[in-house]
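Visitor: Could you take me on a close look at the largest pocket in this structure? I'm new to this, so please tell me what lines it and what sits around it.

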Amino acid sequence: MDHSGHGTTMDLPPFTLERGLAWSADPFFLVACLLGLALYGWAVVRLMRRGDKWPVGRTVSFFIGVLSIGLMMCTGLNDYGMVMFSVHMVQHMVISMVSPILVLLGAPVTLALRALPPAARGRKGPRELLLMLLHSRYMRVVTHPLFTIPMFIASLYALYFTPLFDFLMGSQVGHVAMMVHFFAVGLIFFWPIMGVDPGPHRPGYLMRMLELFAGMPFHAFFGIALMMASTPMVTSFQNPPDSLGIDALSDQNAAGGIAWAFSEIPSVLVLIALLFQWYASDQRQAKRTDRAADRNGDKELEAYNAYLTSLHAPGK
C-alpha cells in the first residue's frame, strides 16, 4: 500500500474484511508487541526452569491481549482507520477496552516480580525499581477513581469533540501517541477494578463494580451522540476518499453504533471476572479461617464451653 506522509492511504479500495486484515504493520506497535510477548515468555520460562508454576490461563490471556493490539495496529485496519471513522472506532474500542482487560488478566506485574532477581544489598535493580513505582505517590494518584474515571471519559469527549483529535491524526507520531494513550487509559481504569496484579488502590468488590458502572454509560452516551448527529462531527473524517465509496455521515453513524455496542461487552467481561475473583477471595478467606481454627484448636469454642460449664458449677 502506498502511504502518504502521515500514515494514511489516500486511494484505498472499498473496505472488506479481507483487506482490513491484510498485513500492514505499524513499526512502533510491531516492535512493542513482539517485545512484550518475548519478555512475558522469558519470565514464564524462567519460573518453570526453577520449578515454579504459572497459570496457563494467565499466559493465554496476556498473549491474546497483545495479539489483539497487533490485529488493530499491524493490519489494514490501521490504514482504513485513518480515513474511516467506523474502523477507527473499532481500533479505539478494542485497544482501550478489550486489550487492557486481557493483558491485566495475564498479571504481567506479578510475573515480573516473581521472575526478576533481587539486586545485591544496597543496590536497586529492575525488581526494586518496579516495587518503588508500585508504591509511589504517582501510582496512587493515577489509579484512584477520581483520576481514572474522568480520564476515561475525557478520552472520548475531550478528544473527539475538540481540535486535538484532528491535530493528532495529522501525523504518524500523533496517531501512535493517541493509540498508546487509549491503551494506557484502559489499563489504569480497569487495573484497580479487576486487575490481578497488586496495586496501590484496591477497593472492595462492591466499590469496584460501582467504579465500573460509573464509567461505562458515558461510552453509550458518546455512541448515541454520534448516531443521532445530522452532520459529520469530526473534521478528519468529513471527506473520506472517493475510492472508498462511503458517505461520511453514514460512516459516523456506524462509528457511533460501534461505540455504543462496545460499552456493553467489556462491562460483561469485567463483571464476570470480578465475580470469579470475589468467589475465589471468599474461598481463600474460608481456608485461612479453617487453618487458623485447626492451629488454635478452636479456642473460641473451647472458651464458650468453659463459660457454659462455669455457669453450672457449684455455688453459681
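Guide: Let's start with one word we'll need: a residue is called buried when its relative accessible area is under 20%. With that in hand, here's the setting. This is a predicted model, and 42% of the 316 residues in its chain are buried. The chain has 15 helices and 0 strands, so you can follow the helix labels as we go, since those are numbered from the N terminus. Of the contacts in the chain with a separation of 6 or more, 76% are between residues 24 or more positions apart.

Now for your pocket. Its volume is about 880 Å³, and 29 residues line it. Want to find its centre? Look for Val103, Pro108, Val109, Phe183 and Leu187, the lining residues closest to that point. Several helices chip in two or more residues each, among them α2 (27–49), α3 (56–73), α5 (85–105), α6 (108–115) and α9 (145–160). The largest share comes from α11, with 7 residues. As for the kind of residue, the lining is made of 27 nonpolar, 1 polar and 1 charged.

Let's stay with α11 for a moment, which spans 172–194. His175 has its place in this helix. It counts as buried because its relative accessibility is 0%. Leaving out neighbours within four places in sequence, His175 is in contact with Met73, Asn78, Met82, Leu168 and Met169.

Next, slide over to the loop between α5 and α6, where you'll find Ala107. Its phi is near 50 degrees, a positive value in a residue that isn't glycine. Ala107 is buried too, because its relative accessible area is 0%.

Let's widen the view to the nonpolar core. In general, nonpolar side chains tend to be buried together in soluble globular proteins. Here the largest nonpolar core has 75 residues, and the ones touching the most other members are Met89, Tyr160 and Phe190. Pick Tyr160 and see who it meets: beyond its neighbours within four places in sequence, its contacts include Phe85, His88, Met89, His92, Phe165 and Phe222. Met233 and Val234 are also among the contacts of Tyr160.

Three of those names come up again in another spot. Besides the pocket, there is 1 cavity of 30 Å³ or more, and the space in it is about 30 Å³. Phe85, Met233 and Val234 are among the residues lining this cavity, along with Pro232, Phe237, Gln238, Ala248 and Gln252. By class, that lining has 6 nonpolar residues, 2 polar ones and no charged ones.

One last stop: the cysteines. A search of the whole structure turns up 0 disulfides. For Cys33, the nearest cysteine sulfur is that of Cys74, 5.6 Å away. A disulfide needs the two sulfur atoms within 2.5 Å, so a pair at that distance doesn't make the cut. Both residues are tucked out of reach by our opening rule: Cys33 is buried because its relative accessible area is 11%, and Cys74 is buried because its relative accessibility is 4%.

Key:
Residues numbered from 1 in each chain as written. Predicted model: local features only at pLDDT ≥ 70, side-chain atom pairs only at ≥ 80, totals over all residues. Heavy atoms only, no water. Buried < 20%, exposed > 50% of the residue type's maximum accessible area, 1.4 Å probe, protein only. Core = buried A, V, L, I, M, F, W, Y, C linked by side-chain atoms within 4.5 Å. Contact = heavy atoms within 4.5 Å. 1 Å grid on protein atoms, 1.4 Å probe; cavity = no way out; pocket = protein on both sides within 12 Å on 5 of 7 lines; lining within 4 Å. Points joined across faces, edges and corners; volume = space filled by probe spheres on them. Helix = DSSP H or I, 4+ residues; strand = E, 2+ residues; numbered from the N terminus. Nonpolar A, V, L, I, M, F, W, Y, C, P; charged D, E, K, R; others polar.
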